[in-house]
There are 2 protein chains.
Amino acid sequence: MIVVDKQQTSARLQGNLQEVWRLIERHHQFEDSSGSAPQEQAPELESVDHAQVFSELQLKLGQLHPADIAHILEALPLEDRLLVWDLVKADQDGDILLEVSDAVRETLIESMNPHELVAALEPLDTEELAELAPDLPKQVVSEVMGGLNEEERAQLQSALSYGEDKVGALMDFDQVKIRADVSCEVVLRYLRRFDELPLQTDKIFVIDDIGVLKGVLPIRKLLVSDPEAMVGEIMATEVVSFRPDEEAVEAALAFERYDLVTAPVVDAAGKLIGRLTVDEMVDVIREESDSDMLNLAGLKEEEDLFAPVMDSVKNRWAWLAINLCTAFVASRVIGVFESSIAQLVALAALMPIVAGIGGNSGNQTITMIVRSLAMGQMQLNQAWRLWRKELGVSIINGLVWGGVIGLVASLLYGSVSLGLVMLAAMTLNLMLAATMGVLIPCLMQKFGRDPALGSSVLITACTDSGGFFIFLGLATFFLL
Amino acid sequence: MIVVDKQQTSARLQGNLQEVWRLIERHHQFEDSSGSAPQEQAPELESVDHAQVFSELQLKLGQLHPADIAHILEALPLEDRLLVWDLVKADQDGDILLEVSDAVRETLIESMNPHELVAALEPLDTEELAELAPDLPKQVVSEVMGGLNEEERAQLQSALSYGEDKVGALMDFDQVKIRADVSCEVVLRYLRRFDELPLQTDKIFVIDDIGVLKGVLPIRKLLVSDPEAMVGEIMATEVVSFRPDEEAVEAALAFERYDLVTAPVVDAAGKLIGRLTVDEMVDVIREESDSDMLNLAGLKEEEDLFAPVMDSVKNRWAWLAINLCTAFVASRVIGVFESSIAQLVALAALMPIVAGIGGNSGNQTITMIVRSLAMGQMQLNQAWRLWRKELGVSIINGLVWGGVIGLVASLLYGSVSLGLVMLAAMTLNLMLAATMGVLIPCLMQKFGRDPALGSSVLITACTDSGGFFIFLGLATFFLL
């Protein structure tokens with residue numbers, strides 16, 4: 001771990017420690033276990049010696065859930081973050097690394113030496129190791145692998161062989177397995193031999209001699225059954241199961257739809273190879289909606305809120321560059337009509353309205369289509385029907401809002417024909433927006449791309465250039 | 001239910017039935033229970049009599065999970081949707097109504113008469129009734145209420161008394177309760193008296209004489225414990241619990257963070273009054289991210305994909321109207337500089353670039369801030385620090401991209417000073433975008449509004465009007 005000189009930083013830290021303290025206090029406290037009242041004030045940091053403050057902080061941190069510490073680390077600027085990271089007990093390091101965002105994880109891993117990293121990874125399960133592996137130095141990964149037994153190594157390699165958006169990368173190997181030809185009594189006795197059942201266990205998987213999944217025994221059914229009853233009689237055979245090469249997003253939708261807590265993962269032969277848990281699926285749902293939001297806004301990936309300026313510049317430049325190109329195209333469209341604008345300068349003032357409303361309306365359409373495709377509510381063969389509907393909406397909006405703004409324009413500039421051109425251009429541009437709003441995501445989907453990616457930039461490019469062209473073209477033809 | 005004349009519609013339906021059939025086949029089938037092969041073809045609809053097709057469809061639908069039927073209904077145009085709805089077994093109606101989106105639910109409820117509605121609601125729990133109640137005719141609600149016993153009516157009224165985004169509106173009353181002074185053996189015997197444990201049950205709530213929550217007994221702990229052990233010894237006292245007036249979104253974040261499956265809801269005195277389950281929380285997460293996405297795109301609420309054109313127009317007009325106003329303001333800013341544009345028409349072609357890049361960059365900033373505020377990663381007192389960072393990013397981007405486009409502009413129009421004005425305007429507008437991108441959501445949050453709502457429209461309004469003003473102002477001052 002980076003050596004943080006406590007003497008040197010502590011002066012500047014006095015203010016920030018208050019901040020850390022507040023963050024810690026804000027968290028759901030496990031009130032019974034920490035003997036302290038939840039509203040306890042931070043000690044007066046100026047008057048006490050720093051070693052004491054640090055040890056109090058350390059105590060507080062030790063009482064927190066790793067997810068809470070992860071949250072605090074994400075909310076702290078880099079220097080304070082590393083200081084707190086230094087105070088965290090080493091045995092929590094691995095769990096915290098799992099919980100923090102990718103960007104923050106990078107900063108934490110950078111601050112640790114290989115030896116510390118190996119120690120932090122030691123308590124983790126293979127599927128947790130698989131999650132961290134891509135962010136770790138190669139040397140550390142191979143050292144950790146060396147410490148695993150053969151079964152674990154096979155599990156890790158299997159998990160690493162799937163893309164991180166596949167079921168195979170997210171499944172764990174903690175499934176409890178039984179046979180169908182035993183009684184509930186036997187199952188209960190078998191379970192009592194565990195030190196602890198795996199987290200989230202809501203069902204036990206029933207397999208045959210060669211490991212093929214035959215059904216599941218929900219715990220809530222086991223608990224109310226006659227101890228003499230055989231597993232095979234009471235198990236559920238209607239099982240929602242997944243393959244390791246399925247998309248994680250699809251599995252998350254199924255969890256959402258069927259209210260699942262865990263589900264088995266089976267291979268092509270029906271053999272049980274792992275399980276999915278709802279907590280992983282919740283993360284998938286969160287990440288998916290986050291990435292849609294980031295993509296719509298033109299951010300490449302999640303950003304550490306306190307990243308250095310240059311990191312943020314790097315994360316954002318790609319979409320800005322694309323936007324610059326599309327804006328340049330729109331500008332050249334206007335350039336073609338410069339002589340028209342020179343003759344009737346009102347056109348310059350009115351053209352952004354046509355383009356802007358088109359962009360807004362197009363974004364409404366494309367968002368609806370992207371969402372429906374993602375949720376599986378829309379099939380590509382319905383595109384035609386939806387296009388007609390969107391066209392209907394755009395014609396109504398065009399006539400209404402185009403009429404309003406056309407009226408205002410004709411009053412403002414004293415020209416009825418200018419108002420009529422405005423009305424026509426608005427309607428046509430909204431129709432263009434509706435058409436491209438349906439077409440772009442459907443084409444993306446058809447060619448196997450993510451329909452959300454860049455949809456907002458693309459539709460705006462169409463409605464800007466298109467809007468300028470339609471409005472200035474009509475104006476040149478009819479007014480000049 | 002609306003009388004669908006099967007003879008009349010069936011001709012048109014031949015094509016659509018194929019579609020319904022395909023949708024059904026696409027769903028995760030409970031393969032063992034339906035004896036049919038999953039790739040079974042739709043019968044040749046032209047050659048067989050319609051009654052037979054309908055009865056086969058009905059059979060298929062009967063084998064599906066209510067959530068799947070809900071999904072199919074959402075993916076069907078209105079007329080087909082009502083036909084399928086007519087085929088669904090009445091005892092599934094209530095569950096399906098719970099699963100469909102608000103917009104689709106409305107169409108289904110409209111098609112049912114009060115008598116059918118009351119029958120459909122009969123099998124539902126009180127918290128499920130509470131979820132549907134706002135969409136139901138008043139008469140139906142009071143009739144259903146009349147059929148409840150006193151306890152259920154109190155539960156329903158309590159659930160209805162909370163806003164639909166509060167914990168109190170989402171909790172159910174299916175908690176299993178025990179005392180701390182009994183042995184695990186007794187608990188197991190007590191559980192066996194249930195016909196079935198409530199869905200999602202992963203823990204049993206431990207209460208005292210007057211109903212105050214003392215701890216929870218996770219089932220996974222109960223199953224591995226010595227039958228002689230007392231509940232009080234093995235129960236967990238570190239319990240994450242919620243109050244009914246807490247925000248559902250906050251509870252969902254806690255479920256996500258602590259990987260919860262269920263959690264107790266307690267009143268101010270610590271008395272257990274209900275429980276939250278992860279499936280409800282997953283819906284909260286999904287709805288929250290959906291509504292952020294819809295708000296960003298300027299849609300008021302989720303839309304039925306196959307809604308009549310006028311319904312869509314109504315859902316979208318509000319944001320279009322706001323956008324029209326902001327676009328009009330931007331247009332008037334340009335209007336002020338009409339004489340400058342008349343003198344140097346190149347300005348008209350270049351000004352949308354300045355405004356457009358500002359809008360894109362501002363959206364990047366505001367999305368990051370909105371997201372960090374929503375996730376609780378950012379406190380308002382960090383706004384100052386983040387503003388400085390965003391300002392740094394915007395200055396770098398302004399100099400780089402402003403330099404590029406300034407160079408292009410000066411080559412294109414043969415004027416170095418025009419290029420310099422472009423560079424300056426771009427940098428200043430990006431700085432404006434960074435400032436407003438931090439300021440707008442922080443002010444929204446400070447005044448208790450949702451920072452996501454309209455953020456995109458507001459930032460674009462600033463960068464459009466601001467960009468035009470800065471660019472045309474600088475050009476007027478330095479070039480003319």
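## A tour starting at Met426(B)

Select Met426(B): apart from residues up to four places away in sequence, Met426(B) touches Val354(B), Ile357(B), Gly398(B), Trp401(B), Gly402(B) and Ile405(B). Two residues are in contact if their C-beta atoms, placed from the backbone, lie within 7 Å. This is a predicted model, in which local features need pLDDT of at least 70, side-chain atom pairs count only at pLDDT 80 or more, and totals for chains, interfaces and linings use all residues. Residues are numbered from 1 along each chain as its sequence is written, while chains are lettered from A and ligands numbered from 1 in the order in which they are written.

Stay with this residue. Met426(B) is part of helix 21 (residues 416-446) of chain B. Helices (H or I, at least four residues) and strands (E, at least two) are DSSP runs, numbered from the N terminus. Is Met426(B) buried or exposed? Met426(B) is buried, because 31 other C-beta atoms lie within 10 Å. The cut-offs are 20 or more other C-beta atoms within 10 Å of a residue's own for buried, 12 or fewer for exposed, and partly exposed in between, with C-beta atoms placed from the backbone. Now add Gly467(B), which is 41 residues from Met426(B) in sequence and 7.8 Å away in space, C-alpha to C-alpha.

Next, select helix 15 (residues 248-258) of chain B. Of its 11 residues 8 are buried, so helix 15 of chain B is largely enclosed by the rest of the structure. Ala248(B), Phe255(B) and Arg257(B) are among the buried residues. What do the buried residues of helix 15 of chain B pack against? In chain A they pack against helix 3 (66-74) and helix 16 (278-297), and in chain B against helix 11 (167-170), strand 5 (272-277) and helix 16. Just after helix 15 of chain B, Asp259(B) has a positive phi of about 50 degrees.

Move on to strand 4 (residues 262-266) of chain B, where 5 of 5 residues are buried. From this strand Thr262(B), Pro264(B) and Val266(B) point one way, and Ala263(B) and Val265(B) point the other way. In a regular strand, side chains alternate between the two faces of the sheet. Strand 4 of chain B pairs with strand 5 of chain B in the antiparallel sense over 5 bridges; two strands pair if DSSP finds at least two bridges between them. Thr262(B) has Thr277(B) as its bridge partner in strand 5 of chain B. The hairpin of these strands has 5 residues between them, and there Gly270(B) takes a positive phi near 85 degrees.

Select helix 16 (residues 278-297) of chain B. Its 20 residues should span 28 Å at 1.5 Å a residue, and its end C-alpha atoms are 29 Å apart, which agrees. The expected span is 1.5 Å times one less than the number of residues. Buried residues in helix 16 of chain B include Val278(B), Ile285(B) and Ala297(B). Just after helix 16 of chain B comes Gly298(B), with a positive phi of about 80 degrees.

Finally, show both chains. 91 residues of chain A are in contact with 91 residues of chain B. On the side of chain A that touches chain B, helix 19 (residues 346-374) of chain A gives the largest share, 15 residues. A rotation of 180 degrees with 0.0 Å of shift along its axis superposes chain A on chain B, with RMSD 0.1 Å; the fit is by least squares on the C-alpha atoms of residues with pLDDT of at least 70 in both. That is the relation of a two-fold axis.
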